[in-house]
Amino acid sequence: MTDNRATLRARLDAAVGSAQVLTAESDVLPYVTDWRGRFHGRALAVVRPGSTDEVADVVRICAELRVPIVAQGGNTGQCGGATPDAEGNAIVLSLARMNRVRAVDPDNATLTAEAGVPLAAVQQAAADSGLLFPLSLAAEGSCTIGGNLSTNAGGTAVLRFGNARELVLGIEVVLADGRIWNGLRGLRKDNTGYDLKQLFIGAEGTLGIVTAAVLKLYPAPRARVTALAAVPDVASSVRLLRDLRAALGDRVTGFELMSALSMAIARKHHPGSPDPCPGHPWYALIQADDTLVDSPLPAQVELALGAALESGVALDATIAQSVEQAHTLWALRENIAEAQRREGPNIKHDISLPVSAIPRFVDEARDALSAALPGIRFVTFGHLGDGNLHYNLAGPEGTDQGAFMANARQANRIVHDLVAAHGGSISAEHGIGQLKREELTRYKSATEMDLMRKVKAALDPAGVLNPGKVL
Ligand SMILES: Cc1cc2nc3c(=O)[nH]c(=O)nc-3n(C[C@H](O)[C@H](O)[C@H](O)COP(=O)(O)OP(=O)(O)OC[C@H]3O[C@@H](n4cnc5c(N)ncnc54)[C@H](O)[C@@H]3O)c2cc1C
């Protein structure tokens, strides 16, 4: 170890205790590989502070010694944002020990949680107070609220409640120089200048370390209906969404699209999964919630789906009759990402478009990709209600899926150019990380990139926080 490294180690040990500074290769390994197994980095150490003051100490030490800091929550991100580079001169700052729910205020309908609280634990703490924290995604058992805010996570209830950024009232951040900004305000109205908290949300650890947040809670639903509808094509799924919203209003909380192939892959890797409404090309998973006692919601959903079946917008439909059945239907959707990982490498796109543009995009992208890469398979699913598709591509059946990844550049160009042509975004909810950094410069205007660089330079002039990510 060089002198510098020895100094760093000694100071980190003093700041957080030597047991919380991991350097053994086997201890560090899980923190330097991403969830998809696509990015592999190295780190000087994994540092696990237990309080905001300790985070501030660690950041101050690293700022002084010019050691890059890669913040990490649950390490479930999809773009390599939490993985250090291969240089091995950064530390991974794990927020996992900052896992306390500091307060629940039912009258203010807010919850204050530390960054390392798993999303599922935030949901549970809200439920224990008879309230709802609506952010929900398949990784909720592992991902943390700090990671959710830093990626501005979306998930399955954006249609009704918005992205993570819309669920935050206040935030506590350790700045790049080690100062703590306590912005933990539980206010729904606060027009006292720039809304600084929003800068840190979605910043992927490049502007500050999120240590805690005040989150918005909502009345818990008393009635929930989950249904699966088979539809003939993507245009019909858009029509179904519109009809359901016309019939049910904003009680439609989730509307997920799944191709037959994506469901088949989920079933293959999760044996025992059912195959409701078999034999159709596309499926919509629908969730509707109501907070009313004795809500008429179940009968209204049935009526709306009945009308869709009659008009041919839907070809078949099933409504969950119990909480278990609802979980089973949701599992079909939520198991897709994990099943795809087991299936082998695939070229992933996390895109958003105006909902109205999705059917045309799907047709045009299919034609262009099939012409360029014959036999290509489309594992398309996603949060259709938010205009967000996970537009994933697999190689022809029976071929080497690893070798197919060599086509990523060509496929990305086709998909992202079409997305841009339809006024969409190349990253709907997963962020940029290191995966899409180059793509970002292609699709953002020079003016927008310049503003982003100026924000970065203002908040992290020495470039200590997650260098090489986003920008
Ligand atoms: C099966 C599966 C399903 C998923 N579904 C969805 C989905 O529906 N919607 C969605 O949006 N995402 C989804 N994701 C992606 C992922 O779960 C989210 O991006 C999540 O918000 C990441 O949280 P994390 O704690 O794991 O963050 P990490 O992966 O640890 O970090 C993500 C980024 O945030 C930064 N970061 C983490 N914590 C902090 C902090 N405290 N302060 C500053 N920066 C920090 C990291 O440096 C990194 O850049 C899914 C992932 C999986 C594996």
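**In what order do the strands of the open, 7-strand sheet run?** In this predicted model, the order is E15-E12-E14-E13-E17-E18-E16, and the pairing is antiparallel. Look at the two edges and you'll find strand E15 (316-319) and strand E16 (350-352), each of which pairs on one side only. On average, neighbouring strands here are turned by 20° against each other, if you ignore direction. As a bit of background, strands of a sheet pair through backbone hydrogen bonds, and they can do this in a parallel or an antiparallel way.

**Zooming in, here is where strand E13 meets strand E17.** E13 covers residues 252-259 and E17 covers residues 377-383. The two are joined in the antiparallel sense over 2 bridges. To spot one pair of partners, find Leu257 and then look to Gly382 in E17, its bridge partner.

**Two helices, H12 and H14, meet the sheet in this view.** Helix H12 (residues 358-372) lies across strand E14 (282-290), E16, E17 and strand E18 (388-394). Compare H12 with E18 and you get an angle of about 15°. H14 packs on the sheet too, where it touches E16 and E18. The direction of H14 makes about 20° with that of E16.

**Next up is His416, a residue of helix H14 (residues 408-421).** Is His416 buried or exposed? His416 has a relative accessibility of 2%, so it counts as buried, the cut-off being under 20%. Leaving aside residues up to four places away in sequence, His416 touches His349, Ile351, Ile426, Glu439 and Tyr443. Glu439 deserves a second look: its side chain and that of His416 are joined by a polar contact of 2.6 Å.

**The last close-ups show two residues with positive phi, Ala109 and Asn152.** Most residues other than glycine have a negative phi. Ala109, though, has a phi near 50°, a positive value in a residue that isn't glycine. You'll find Ala109 in the loop between strand E5 (101-105) and strand E6 (110-114). With a relative accessible area of 16%, Ala109 is buried. Now move to the loop between helix H5 (145-150) and helix H6 (158-161), which is the place of Asn152. Phi of Asn152 is near 45°, again a positive value in a non-glycine residue. Asn152 is buried as well, and its relative accessible area is 13%.

Note on methods
Residues numbered from 1 in each chain as written. Predicted model: local features only at pLDDT ≥ 70, side-chain atom pairs only at ≥ 80, totals over all residues. Heavy atoms only, no water. Helix = DSSP H or I, 4+ residues; strand = E, 2+ residues; numbered from the N terminus. Buried < 20%, exposed > 50% of the residue type's maximum accessible area, 1.4 Å probe, protein only. Polar contact = N/O pair within 3.5 Å; in protein donor to acceptor, adjacent residues only side chain to side chain. Contact = heavy atoms within 4.5 Å. Pairing = 2+ DSSP bridges. Axes fitted to C-alpha atoms, helices over the stretch in contact; angles between N-to-C directions.
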